Amino acid sequence: MSRRRFLESGLAVTLLPGLEAALGRFATGAPAQPLTRFSPVTPSTADEVVLPEGFRHEVVIRWGDPFTADGRTWGYNNDWVGLLPLGSPEDALLGVNHEYISLAIEGDAPLYRESFQALRGRADTIADWKRDVGLSVLRVRRDERTGAWGPVLGDRLNRRVDAVTPFVVDGPAAAVLGERAEGTFNNCSGQATPWGTFLSCEENFQDHVPEAVDTKGRSPRGGDFDLPGGHYGWVVEVDPHDPASTPRKHTALGRCRHENVAIRAEPGRPVAAYMGDDRTGGHVWKFVSDELYRPGDRESCRRLLRSGALYAARFEDGGGGEWRRLDLATELHPNPDPRDLKPALPPFARTLGDVYEGLGAALADAYQAANCIGATPAGRPEDLEVHPGDGSVFIAFTAVSGRPGLFENVYGEIWRLEEEGRDASAKRFRWTRFAGGGPADASRAGRVFAQPDNMLFDPEGNLWVCTDMSSSRLNQRADYLPFANNGLFLIPTRGESAGRARQLASIPCEAESCGPALTPDGGTLFLSIQHPGERFGIRKQAGAEPRGSNWPEGGLRTPPRPSLIAIRRS
Ligand code: FEO
Ligand code: CA
Ligand code: CA
């Protein structure tokens with residue numbers, strides 16, 4: 001469907017009667033979410049966090065701040081935030097990813113290097129890069145007097161997991177990779193699981209190690225991190241309650257530029273994990289566990305992601321779709337476009353098993369294997385989230401797929417996927433367009449965001465959406481001027497304003513908003529401010545606005561610092 005037809009169709013604001021009924025049931029008795037009533041902010045180019053009247057924010061922790069008992073510091077470019085309550089509604093553990101270090105790429109300023117020099121008084125090294133990525137576990141607590149959530153510095157559960165932390169490798173690809181790996185990096189989005197762990201996804205690992213594996217699952221060592229490329233691109237799991245635990249890489253969930261993982265868990269049923277592969281022409285994925293979800297059975301929960309079936313989505317033009325299993329018996333239907341990378345297919349090959357030496361090898365090459373079986377090359381799938389009411393899956397396609405067809409909206413779109421029979425194990429689904437990005441005008445009321453990325457459902461089924469307009473477009477390209485800086489938006493999924501975005505926050509210059517996570521009472525929202533100043537670096541001249549950044553401290557020549565903030569009512 002063209003963008004125009006999509007906008008006219010009303011699909012963006014129309015929910016199926018079934019969903020309406022389901023929402024009515026699940027929302028009964030749910031407390032009203034305290035942050036959802038506000039007058040939207042005007043898009044802003046200010047180098048600060050702009051919130052509606054009656055709201056405030058605190059900076060919780062900044063890049064470089066010590067927070068563990070042994071003096072480890074908060075990593076660079078905080079991204080996804082997950083929250084696990086810790087016994088009381090006012091005490092919690094946060095899992096926060098540190099995606100990458102901002103080197104000078106595609107015309108950007110050497111932000112990390114300049115900032116590192118300014119902050120630490122010396123030049124950075126690759127060893128520093130490895131210590132500044134990965135993820136953090138941070139205990140946070142609400143101050144009874146002020147109501148503000150702040151870090152519990154030096155807590156025994158506070159932890160850094162970085163590019164040198166030892167990992168265990170499990171699942172079918174352990175046979176080809178080995179059972180040990182070193183470190184995690186380019187951690188983008190993730191998930192706090194119902195069984196009390198944090199999942200974190202390795203996205204653009206090809207920045208630091210070789211990406212390609214062969215059909216035997218072998219990969220060379222190399223890149224500036226000098227590590228075996230096949231060890232990265234996985235979903236990893238950390239037990240935050242045991243700071244001495246060894247984190248795991250779950251190869252059953254496949255290897256790609258893993259954006260995210262979103263868990264649907266229902267007692268007595270297999271667990272489904274929905275995932276995006278953030279690249280032009282990347283795929284939408286589903287993993288279905290072999291074991292059933294047994295709440296409270298810690299040991300069986302820890303095994304859930306070690307074995308199961310992995311599927312990639314094929315989206316059909318009319319709104320239908322099929323999950324194609326990445327399995328050795330699956331028939332080949334190669335995507336014909338040469339941009340959809342594939343291994344050389346032997347002339348006799350009929351199934352994936354004729355191409356790959358084993359399931360482990362196919363899982364280690366999941367992106368290319370999916371192109372062999374006709375999975376749809378999509379418009380850069382970023383975050384996926386499971387609706388708390390009906391289990392449908394919302395997908396943020398942040399960009400176009402680069403080919404005519406389903407993914408042509410340059411501003412990105414949010415889709416909704418419903419499994420057949422609402423069964424997480426279904427082999428077929430239906431999809432609809434829920435909300436489209438694009439500039440606001442009279443005929444497109446409510447569409448005021450572009451490039452949706454991280455998302456979060458609150459318990460009422462409202463969708464919170466972070467945006468990541470790239471620094472090369474933001475405040476520079478004429479068609480992006482109406483959006484100004486990146487921000488945080490609220491999009492209800494029911495009622496009169498379903499599908500209409502309202503902006504809660506505008507964030508500092510050249511930053512991307514990430515996370516987000518809500519406290520158990522819904523009264524505070526944690527948000528990562530990633531890479532302020534990434535395009536033009538440290539702002540050094542008055543009048544340079546909106547180029548560069550000095551956030552959060554402010555003051556010309558002050559290096560900007562990626563930081564975690566907490567938003568609440570004043
Ligand atoms: Fe790391 Fe796809 O955002
Ligand atoms: Ca992301
Ligand atoms: Ca992003």
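The following legends describe close-up views of cysteines and salt bridges in a predicted model.

**Figure 1. Cysteine 301 stands without a disulfide partner.** The number of disulfides counted is 0. For cysteine 301, the nearest cysteine sulfur belongs to cysteine 201 and lies 19 Å away. A disulfide requires two cysteine sulfur atoms within 2.5 Å, so this residue is in none. Cysteine 301 has a relative accessibility of 3% and therefore counts as buried.

**Figure 2. Cysteine 514 is likewise in no disulfide.** The view shows cysteine 514 and cysteine 466, whose sulfur is the nearest cysteine sulfur, at 6.3 Å. Because a disulfide needs sulfur atoms within 2.5 Å, the pair does not qualify. With a relative accessible area of 0%, cysteine 514 is buried.

**Figure 3. Glutamate 202 and lysine 249 form a salt bridge between two strands.** Side chains of opposite charge can pair when their charged atoms come close. A search of the whole structure finds 44 salt bridges. In the one shown here, the closest N and O atoms of glutamate 202 and lysine 249 are 2.8 Å apart. Glutamate 202 belongs to strand S10 (residues 198-202) and lysine 249 to strand S14 (residues 248-250), so the salt bridge ties together parts that are 47 residues apart in sequence. Both glutamate 202 and lysine 249 are buried.

**Figure 4. Arginine 218 pairs with aspartate 214 in a salt bridge.** The closest N and O atoms of these two side chains are 2.8 Å apart. Is arginine 218 buried or exposed? Its relative accessible area is 51%, and a residue is exposed when this value is over 50%, so arginine 218 is exposed. Aspartate 214, at 26% relative accessibility, counts as partly exposed.

**Figure 5. A salt bridge joins helix H6 to strand S18.** The side chains of arginine 303 and glutamate 291 meet at 2.7 Å, N to O. Arginine 303 is in helix H6 (residues 298-303), whereas glutamate 291 is in strand S18 (residues 284-292). The two residues are 12 residues apart, and their pairing links distant parts of the chain. Arginine 303 is partly exposed, with a relative accessible area of 36%. Glutamate 291 also counts as partly exposed, at 22% relative accessibility.

**Figure 6. Salt bridges with shared partners form a network.** Which residues does this network contain? Arg62, Asp65, Glu553 and Arg561 are joined into one network by salt bridges that share partners.

Definitions and conventions:
Residues are numbered from 1 along each chain as its sequence is written. Chains are lettered from A and ligands numbered from 1 in the order in which they are written. This is a predicted model: local features need pLDDT of at least 70, side-chain atom pairs count only at pLDDT 80 or more; totals for chains, interfaces and linings use all residues. Side-chain values use heavy atoms; hydrogens and water are left out. Buried means under 20% relative accessible area, exposed over 50%, partly exposed in between (1.4 Å probe, protein chains only). A salt bridge is a side-chain nitrogen of Lys or Arg within 4 Å of a carboxyl oxygen of Asp or Glu. Helices (H or I, at least four residues) and strands (E, at least two) are DSSP runs, numbered from the N terminus.
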